[in-house]
There are 4 protein chains.
Amino acid sequence: MATPHLPARKLRVGILGATGTVGQRFIVLLETHPVFTVHALGASPRSAGKLYQEAVRWKMAQPFSPVVGSLVVNECRPELFHDCDVVFSGLDSSVAREVETAFVRADLPVFSNARNHRMGEYVPLVVPTANPEHLDVIQHQRKQLQLRRGFLVTNANCSTTGLVVALRALQDAFGPLSQVMVQTMQAISGAGYPGVSSLDIIDNVMPLISGEEEKMETEALKILGGLQPGATGFRPLTETQVSAMCNRVAVVDGHMECVAVKFSQQPAPSPEQVQQVLADYTTDAQTLGCYSAAKETIVVATEPDRPQPRLDRENHNGYAVTVGRVRRCPALDVKFTLLVHNTILGAAGSGILNAEIALAKGLLVPLDS
Amino acid sequence: MATPHLPARKLRVGILGATGTVGQRFIVLLETHPVFTVHALGASPRSAGKLYQEAVRWKMAQPFSPVVGSLVVNECRPELFHDCDVVFSGLDSSVAREVETAFVRADLPVFSNARNHRMGEYVPLVVPTANPEHLDVIQHQRKQLQLRRGFLVTNANCSTTGLVVALRALQDAFGPLSQVMVQTMQAISGAGYPGVSSLDIIDNVMPLISGEEEKMETEALKILGGLQPGATGFRPLTETQVSAMCNRVAVVDGHMECVAVKFSQQPAPSPEQVQQVLADYTTDAQTLGCYSAAKETIVVATEPDRPQPRLDRENHNGYAVTVGRVRRCPALDVKFTLLVHNTILGAAGSGILNAEIALAKGLLVPLDS
Amino acid sequence: MATPHLPARKLRVGILGATGTVGQRFIVLLETHPVFTVHALGASPRSAGKLYQEAVRWKMAQPFSPVVGSLVVNECRPELFHDCDVVFSGLDSSVAREVETAFVRADLPVFSNARNHRMGEYVPLVVPTANPEHLDVIQHQRKQLQLRRGFLVTNANCSTTGLVVALRALQDAFGPLSQVMVQTMQAISGAGYPGVSSLDIIDNVMPLISGEEEKMETEALKILGGLQPGATGFRPLTETQVSAMCNRVAVVDGHMECVAVKFSQQPAPSPEQVQQVLADYTTDAQTLGCYSAAKETIVVATEPDRPQPRLDRENHNGYAVTVGRVRRCPALDVKFTLLVHNTILGAAGSGILNAEIALAKGLLVPLDS
Amino acid sequence: MATPHLPARKLRVGILGATGTVGQRFIVLLETHPVFTVHALGASPRSAGKLYQEAVRWKMAQPFSPVVGSLVVNECRPELFHDCDVVFSGLDSSVAREVETAFVRADLPVFSNARNHRMGEYVPLVVPTANPEHLDVIQHQRKQLQLRRGFLVTNANCSTTGLVVALRALQDAFGPLSQVMVQTMQAISGAGYPGVSSLDIIDNVMPLISGEEEKMETEALKILGGLQPGATGFRPLTETQVSAMCNRVAVVDGHMECVAVKFSQQPAPSPEQVQQVLADYTTDAQTLGCYSAAKETIVVATEPDRPQPRLDRENHNGYAVTVGRVRRCPALDVKFTLLVHNTILGAAGSGILNAEIALAKGLLVPLDS
């Protein structure tokens, strides 16, 4: 592993949507970060002007620091974030499109968790441990938008994130997949606060998460696809069919996914080979020495009843994907169960790790440097 | 619908495993039944000799009647049940094989929920609203075992039950299925009492239910298969591949299943055609006028976020299967979500409805008739 | 028990707030009622003009009938309910004061579950199995408001309801109480839909239900107090101190309450005497032969681990209060645990049973009679 | 705060009951401890001889280290722990009495979480942030039992622990309490694994925890009482009446307690005074500079809806008690809600912090020193 590349000073971070569930997770993850420091917070006009500790309804198990608590919340206007080295957006999709566009036009580097721009022609949709090479399109994006240091990078939907990490490992080792069936049991924190009504989820399962299946089926193909020559755009997969069935269950954090895959090349690899490849999988995040990178990108659980959300979601601080129960599938080729922490690697953590990779690659450039 | 055929007197019922979860459900369902009356209760030697109200740790939301409460619990020996017209077994699999064999040899008609004999060569494995015609093998079984009125009929595993009702409807209408992927989110009551530890299921999902996937993948093929000529045995499906991924979630009653199917005949039917066929599906249970038969074998929910366990498990008193979200599958052909009440249609209710069908068909014969 | 007094025809019922949680419970309870029939539904302007089945987000486990589903929802204006014999209000407190006032002024008999008028000078606050004699103030109210057949009767807060049933039994038998400590563990359905956020209640307890403690501490004194001479008003208790600590827990239906009491008269009764008095307690609701009255007003559970919400909330169709664990209190005199179904006896059921009593007493008069 | 007194080398720790819930928590807390190091593990004969990683069904969210995982589990015989500086017991009460007696007789210093010896005449029952001065009875115990370095110290029941920390603060400031009413909502982890059946707790509350109320009512009086002259024994409170009502709710970790108190001295302090005293409360654990001591012994939450188990149980790594909602009680004097992490301060953490205090006081003496 490379020695981590630490910049001369901590990078000043702006967080948009700072009072929301994803915004709160950004703050928790950044409070002790060696490279980034929380510098400016943006939220709705209703919160603007208040101290953060007055504006937020904090729902994390870890407290925020007094320093963050006494920051004054801003409206989400780029001129109020001009001295930020990097901006993380946890904005709600109802406002993200417009706000993020304004920030990028103001030449700010933005890592967004919102869904609005994910399928944009020049917008990298990056799961840091699945397709970090897509960050290279930043240069082309800058040209198109005539930016100097600004750009927009999005990360994927939370349940897509866990899936593609495992699929990328398989695709790299065994060639293209022809069919992917995935069924999710997703945590309530994915819906924000107040989010899921308790009457909908106690002693119950919700068999619909609006728009989620479409996101998984679409985003996965872009993420797992290649780049246009010269990194001038994306070539989504066409040979892989992804089918998703998404459910909400009474779990606080951690999305479980039952996955079955069919390989294009036959005979298919054995479950043992699949398991080995998943366990061995490493990515740029590790080789570049990124601070938040999990020591194991994929933790392969060997106990027969794992992964479990409560026991495994914090593996490697929530930046790992945990896979278990790798076995033969009577209908497709191989099936397994995976778990991703939906608000760490599945949301805020992806943004942060994407930024760490971009910094290591020289794509994210601190101000005055 | 036929006028229900009521016998001259109520049939006296023996219940084996009467203090367990399935036994308790038998009692709840039979307390108000117009054809069957609870007559004798069997349980472990530890309970034998006690009044039922002293022996049982009752976990149902409905109370039992004083009449049942003051029955004396017997050991599970056939001579203590000789005056029963029919015996329902909710025995644990650790003892069911031996006990049920003894009861059948004593010429008692037994409907068993235990898994032990399900795959037996002459033993019908019957989901009442999927393959009631398999009951016809009773005659052959009697010949083989030299019985006059006794027999053994089993019902299926709870999660298999919900699945095959829908699959049978599709198979009848559109011909054989080539692939079935099913992923379950199963209720805790399926594991009995004390069953699932609360530490394993609160804020958690258990990705393994030991033996459950194998049961689904095997039992479904027998149930959906045909009979040997002359109803002398079974011809399990060979052309259909069933793949199951089973999980336990924090729901009290009601198993949810995400199902995707591929049809042998192409082009495949549309989701609309599938939905229509499911809604129109009727079975012998209805045409024979059985008391417990659901008015709709399959309830097709049209709201986009149904079925849900808490809201739909009691549909038609728990004897219906509820299906929703029928839609195209990008990987196979069609996918949908179904719900079955795991301790009613998925366990005790199957036994009772099987008995009602057998009675209507003249296969179950009351004593002294 | 008296023969129930059935009117010549079913009384036509209007339901205000029909799409809300309490309104839905009114509909479930009235669908099979022998005396009342659902005739008109009122809701917010947003729902008005729609069929009920289109306007409602139904969250009950029992379905509504097609007849109710095809009723057109009205705005909550009295002229649209002029042909109702009686009106039940499940309105939210944000609008209940004004709407209910308009209905009463239009000479309609209104039974309200809203909190707004509960402490009104001439407004009976009636828990049907605690203080039905307070209904006699209806005559005085009519005089004050110059009404012919209209009136306003309120029922109590859900957690107050369970408490006062037990306290009234004790007060009748043993004289005034000096101190009452009550701590609640309340179900999520009490907060309506969407109500409690799942992030606030899964793997959690909420130690605050806004305004609830104040309601319990105040309403109980009015309910348990006497009447002014001539039934011209109320005399709230002054000698009893009630202290409430209210919490929300992850239960769908059924409020649990841990109660400790100190009697004014010493020596205090023994736990055995208290238990006997609770078990023997009967009220007008039973002696008048009211249809919905529980056969036992208070069910005294003798198992040491009861009452439990899931197992006991449906006792006598949710119209009973269940009490258990009656024992000596080292600090006060006697303590016990009670359970009330918060949306049946604790809300809609109180309104319905109050109406049944008022009808039996000749206080509720059908139109054209 | 004193500079923490670090011994020359880490103290070797033996853990009895190492595979149980409390044993697992000891391991989690000790893995990163600067003073103690896990040296020997004891469990039932069934586990003895196996590697820890094979013997344990690990249920903690944090993993154990490979070093601990590869320790060989011993039977709980003192000669197998002779080289331990200190022994922590998380044994089940069914075996703790005998085993712990043998260990103490073998001159080993034992800190036990089991209930068996808590009320023993010479056995300190110590909540480290409530009555650390009770440790001084160790000297007298040694004399009585003719021990050189061995002794037995117990910590309290989990729900007692949270309560007495707050009560001690009040008692120190305002003099004796005359009445204490406490009602608990306790987490499932308190019952171990498998412990509470999920059928008993999902959509439910259990109103009985066998023996728990008696423990709270008895242990609190010993803990809050004084010492005999010369620290030769205990003088339990006689002037305080404690009444407990204990319930189990669907929470993984963290016991909530609703507490109401009456002071002997009147007029009673105001809620504001009580709150201030709780916030200012410090103990020997802090002044002696113990590593595990919380920076705030009692965290006073000022938000109106706190404490909450999910958000506050980890305050100061689970070693703090969190109090909120301090307000006037209409029946007694003052009431409030408190939260204690039942397996950290409420179990294993108490043992560890007691050991740290005993070490700082020179009562726990490392081998060969």
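1. Let me start with polar contacts between chain B and chain A: there are 25 residue pairs of this kind, both partners at pLDDT 80 or more. Please keep in mind as you read on that this is a predicted model. The B–A interface also holds eight salt bridges. One that you can look up is the pair A:Glu217 and B:Lys335, whose side chains meet with N and O 2.9 Å apart.

2. Which elements of chain B give two or more residues to the side that touches chain A? They are the strands β7 (177–186), β10 (241–248), β11 (255–263), β13 (321–328) and β14 (334–340), together with the helices α7 (212–224) and α10 (309–312). The largest share, seven residues, comes from β10(B). Sorted by class, this side of chain B has 29 nonpolar, 11 charged and eight polar residues.

3. As for the extent of this interface, 48 residues of chain B are in contact with 48 residues of chain A. The two chains bury about 3,700 Å² between them, and 58% of that area is on carbon and sulfur atoms.

4. Now to the contact between chain A and chain C. Here each chain brings its own set: 16 residues from chain A and 16 residues from chain C. About 1,400 Å² is buried between them, 67% of it on carbon and sulfur atoms. Three residues, A:Ser198, A:Leu199 and A:Ile202, supply 40% of the area that chain A buries against chain C, more than any other three residues.

5. The A–C interface has its polar side as well. Two salt bridges are counted between these chains, and in one of them A:Lys59 pairs with C:Asp200, the closest N and O atoms being 2.7 Å apart. Eight residue pairs, both at pLDDT 80 or more, are in polar contact across this interface. On the side of chain A that touches chain C you will find nine nonpolar, four polar and three charged residues.

6. How are chain A and chain C related to each other? A rotation of 180° with 0.0 Å of shift along its axis superposes chain A on chain C, with an RMSD of 0.0 Å. That is the relation of a two-fold axis. Among the residues of chain A, A:Ser198 comes closest to the rotation axis, its C-alpha lying at 2.0 Å. The same surface serves both copies, since 100% of the contact residues of chain A recur in chain C. If you want a place to begin looking, try A:Ser198: this residue also belongs to the trio that supplies 40% of the area chain A buries against chain C.

7. A few backbone details deserve a look. Most residues other than glycine have a negative phi, and most peptide bonds are trans. In chain A, however, a cis peptide bond with omega of about 0° joins A:Gln266 and A:Pro267, and A:Pro267 lies in the loop between β11 (255–263) and α8 (271–280). Chain C has a cis bond too, between C:Gln266 and C:Pro267, with omega about 0°. C:Pro267 is in the loop that runs between β11 (255–263) and α8 (271–280) of chain C.

8. Two non-glycine residues with positive phi make a nice pair to set side by side. C:Gln146 has a phi of about 55° and sits in the loop between α5 (137–145) and β6 (151–154) of chain C. D:Asp203 also has a positive phi of about 55°, and its loop is the one between β7 (177–186) and α7 (212–224) of chain D. Which of these is buried and which exposed? C:Gln146 is exposed, at 73% relative accessible area, whereas D:Asp203 is buried, at 3%.

9. In chain D, D:Gln146 takes a positive phi of about 55° just after α5(D). The buried residues of that helix (residues 137–145) are D:Val137, D:Ile138, D:His140, D:Gln141 and D:Arg142. Their cover includes β6 (151–154), β8 (226–227) and β9 (234–235) of chain D.

10. Last, have a look at C:Asp253, in the loop between β10 (241–248) and β11 of chain C. C:Asp253 counts as buried because its relative accessibility is 12%, under the 20% cut-off. Its side chain makes a polar contact with the side chain of C:Ser189 at 2.7 Å. Beyond its neighbours within four places in sequence, C:Asp253 has contacts that include C:Arg25, C:His341 and, from another chain, D:Asp203. D:Asp203 is the buried residue with positive phi from point 8.

Note on methods. Residues numbered from 1 in each chain as written. Chains lettered and ligands numbered in written order. Predicted model: local features only at pLDDT ≥ 70, side-chain atom pairs only at ≥ 80, totals over all residues. Heavy atoms only, no water. Helix = DSSP H or I, 4+ residues; strand = E, 2+ residues; numbered from the N terminus. Buried < 20%, exposed > 50% of the residue type's maximum accessible area, 1.4 Å probe, protein only. Contact = heavy atoms within 4.5 Å. Buried area = accessible area lost by both parts, 1.4 Å probe. Salt bridge = Lys/Arg side-chain N within 4 Å of Asp/Glu carboxyl O. Polar contact = N/O pair within 3.5 Å; in protein donor to acceptor, adjacent residues only side chain to side chain. Nonpolar A, V, L, I, M, F, W, Y, C, P; charged D, E, K, R; others polar. Least-squares fit on C-alpha atoms with pLDDT ≥ 70 in both.
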